[in-house]
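Work through the exercises below with the structure in view, and try each task before you read its solution.

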Amino acid sequence: PQTLAARIGQQTIHAKELQKEHRRTYRELWTWSDAVVESGLSGVPLVTGFGWPLRAHMFNKERTLRNFLIQASAADMMRVAACLLVEAGIRVLCPVHDAFLIEADAADADRTVAITEQIMEEASRIVLRDRVTVRAESKVFPGRYYDEGRGLEFWNKSMETVGRSDAKIEV
């Protein structure tokens with residue numbers, strides 16, 4: 001509650017009430033999450049659908065246990081999506097946290113983005129065994145994408161790594 005209060009600029013008591021309301025509103029999520037924590041603390045390994053384990057005795061922080069299956073399953077989705085994207089002929093430049101930076105010809109960009117979104121959603125269905133589809137959203141950057149303040153060096157190094165010295169940017 002202290003961290004939430006600081007982030008929203010409110011008193012801790014208000015943050016505690018928001019957290020209680022969240023638990024009431026999303027009771028099913030919290031019931032599942034509490035059961036995960038209880039299982040982990042009782043020594044039951046937490047394992048994703050693709051077999052990634054967390055041996056809870058090594059991590060007794062509740063937040064680690066509570067987040068593991070969600071974060072690890074999201075990582076599984078990214079791995080599956082990366083394979084499917086490459087198989088579909090999408091030019092994947094790099095992962096960016098929970099997304100991919102892809103490259104497409106301007107004339108084909110809308111179609112490539114739509115296919116990429118469909119593949120990302122399919123990856124979620126594969127990992128989550130068709131129980132849930134995680135919706136994909138895209139942001140299109142016409143031309144070359146880079147953050148002038150922080151990303152120029154990274155962009156140029158990335159292009160050099162993939163053999164695209166023609167795509168380097170000089171300022």
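**Exercise 1: The nonpolar cores**

The largest nonpolar core in this predicted model has 13 residues, and those with the most contacts inside it are Ala81, Leu85, Phe100, Met120 and Val127. Find out which helix gives the most residues to this core, and then look for a second core.

Solution. Begin with the helices: helix H4, which covers residues 62-87, and helix H5 each supply at least two residues of the core. Of the contributors, H4 gives the most, with five residues. Next, turn to the second core, which is separate from the one just described, has eight residues and includes Leu54, Phe68, Leu69 and Ala72. As a general background to this exercise, nonpolar side chains in soluble globular proteins tend to be buried together. Finally, follow one residue of the largest core in detail: leaving out residues up to four places away in sequence, Val127 touches Phe50, Ser73, Asp76, Met77 and Val80.

**Exercise 2: The chain as a whole**

Describe the order of helices and strands along the protein chain, and explain why the chain is more spread out than a compact globule.

Solution. First count the elements: the protein chain holds six helices and four strands. Read along the sequence, they follow the pattern α-α-α-β-β-α-β-β-α-α. The second step compares two values: the radius of gyration of the protein chain is 21 Å, whereas the globule rule gives 16 Å for 171 residues, so the chain is more spread out than a compact globule. Along the principal axes, the C-alpha atoms fill a box of roughly 55 × 40 × 30 Å. As a last step, consider the surface: buried residues make up 27% of the 171 residues, and the accessible surface comes to about 12,400 Å², of which 53% belongs to carbon and sulfur atoms.

**Exercise 3: Buried or exposed?**

Decide for Thr112, Arg66, Pro53 and His97 whether each residue is buried, partly exposed or exposed, using the cut-offs of under 20% relative accessible area for buried and over 50% for exposed.

Solution. Take Thr112 first, whose place is in helix H5, residues 109-127. Its relative accessibility is 7%, so Thr112 counts as buried, and beyond its neighbours up to four places away in sequence it touches Ile90, Ile102 and Ala104.

Arg66 lies in helix H4, and because its relative accessible area is 12%, Arg66 is buried as well. Among the residues that Arg66 touches, when those up to four places away in sequence are not counted, are Arg23, Trp30 and Asp34.

Pro53 is found in strand E2, residues 53-54, and with 39% relative accessibility Pro53 counts as partly exposed. Apart from neighbours within four places in sequence, Pro53 is in contact with Leu46, Val47 and Phe68.

His97, in the loop between strand E3 (91-96) and strand E4 (99-103), has a relative accessibility of 73%, so His97 counts as exposed.

**Exercise 4: Positive phi angles**

What is the phi of His97, and what is the phi of Arg129?

Solution. The phi of His97 is near 55°, which is a positive value in a residue other than glycine. For Arg129, phi is likewise near 55° and positive, again in a residue other than glycine. To place the second residue, note that Arg129 is found in the loop between H5 and helix H6 (152-161), and that Arg129 counts as partly exposed at 46% relative accessibility.

Definitions and conventions: Residues numbered from 1 in each chain as written. Predicted model: local features only at pLDDT ≥ 70, side-chain atom pairs only at ≥ 80, totals over all residues. Heavy atoms only, no water. Rg over C-alpha atoms; globule rule 2.2 N^0.38 Å. Buried < 20%, exposed > 50% of the residue type's maximum accessible area, 1.4 Å probe, protein only. Areas by Shrake-Rupley, 256 points an atom, 1.4 Å probe, with all protein chains shown as cover. Contact = heavy atoms within 4.5 Å. Core = buried A, V, L, I, M, F, W, Y, C linked by side-chain atoms within 4.5 Å.
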